[in-house]
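Let's take a walk through this protein chain, from its overall layout down to the residues packed inside.

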Amino acid sequence: MEVLIIVGVIIYILLNAIGASLMRNIAIEKGYGDNCHAWAACFWLGIFGYLYVIAMPDKIQQEQNQQILVLLKEGREKE
């Protein structure tokens with residue numbers, strides 16, 4: 001019985017670490033860089049950490065939208 005509990009805890013920790021690594025990669029793709037705290041948040045908070053990373057705004061998309069706005073403003077000024 002004790003062995004099953006230990007094996008279950010080890011499996012839980014491994015799955016949680018894998019999920020945290022995946023969410024860290026998502027945070028990096030959203031433009032938060034390697035020093036992002038997403039891995040620790042997901043590992044220690046579990047599902048709440050995953051939801052936190054999902055809710056983080058996409059910095060890359062925001063930057064692209066800002067560049068589009070600048071180009072549109074420049075185009076209107078030329079007219």
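Start at the N terminus and the elements read α-α-α-α. That gives 4 helices and 0 strands in this predicted model. The chain doesn't ball up, either: its radius of gyration is 20 Å, well over the 12 Å that the globule rule gives for 79 residues, so it is more spread out than a compact globule. You can see this in the C-alpha trace, which spans about 80 × 20 × 15 Å along its principal axes.

What about the inside? Buried residues account for 20% of the 79 in the chain. The largest nonpolar core has 10 residues: Ala-20, Met-23, Ala-27, Cys-36, Ala-38, Cys-42, Phe-43, Tyr-50, Val-53 and Met-56. Helix H1 (2-32), helix H2 (38-45) and helix H3 (47-55) each give two or more residues to this core.

Val-53 is a good place to zoom in. Which residues does Val-53 touch, leaving aside its neighbours within four places in sequence? Its contacts are Met-23, Ile-26, Ala-27, Lys-30, Ala-38 and Cys-42. Zooming back out, of the chain's contacts with a separation of 6 or more, 56% are between residues 24 or more positions apart.

Now for the outside. The chain exposes about 6,400 Å², and carbon and sulfur atoms supply 67% of that area. As for charge, there are 6 positive and 8 negative ones, and their mean positions are 6 Å apart.

Definitions and conventions
Residues numbered from 1 in each chain as written. Predicted model: local features only at pLDDT ≥ 70, side-chain atom pairs only at ≥ 80, totals over all residues. Heavy atoms only, no water. Rg over C-alpha atoms; globule rule 2.2 N^0.38 Å. Buried < 20%, exposed > 50% of the residue type's maximum accessible area, 1.4 Å probe, protein only. Contact = heavy atoms within 4.5 Å. Areas by Shrake-Rupley, 256 points an atom, 1.4 Å probe, with all protein chains shown as cover. Lys, Arg positive; Asp, Glu negative; His and termini not counted. Charge placed at Lys NZ, Arg CZ, Asp CG, Glu CD. Core = buried A, V, L, I, M, F, W, Y, C linked by side-chain atoms within 4.5 Å.
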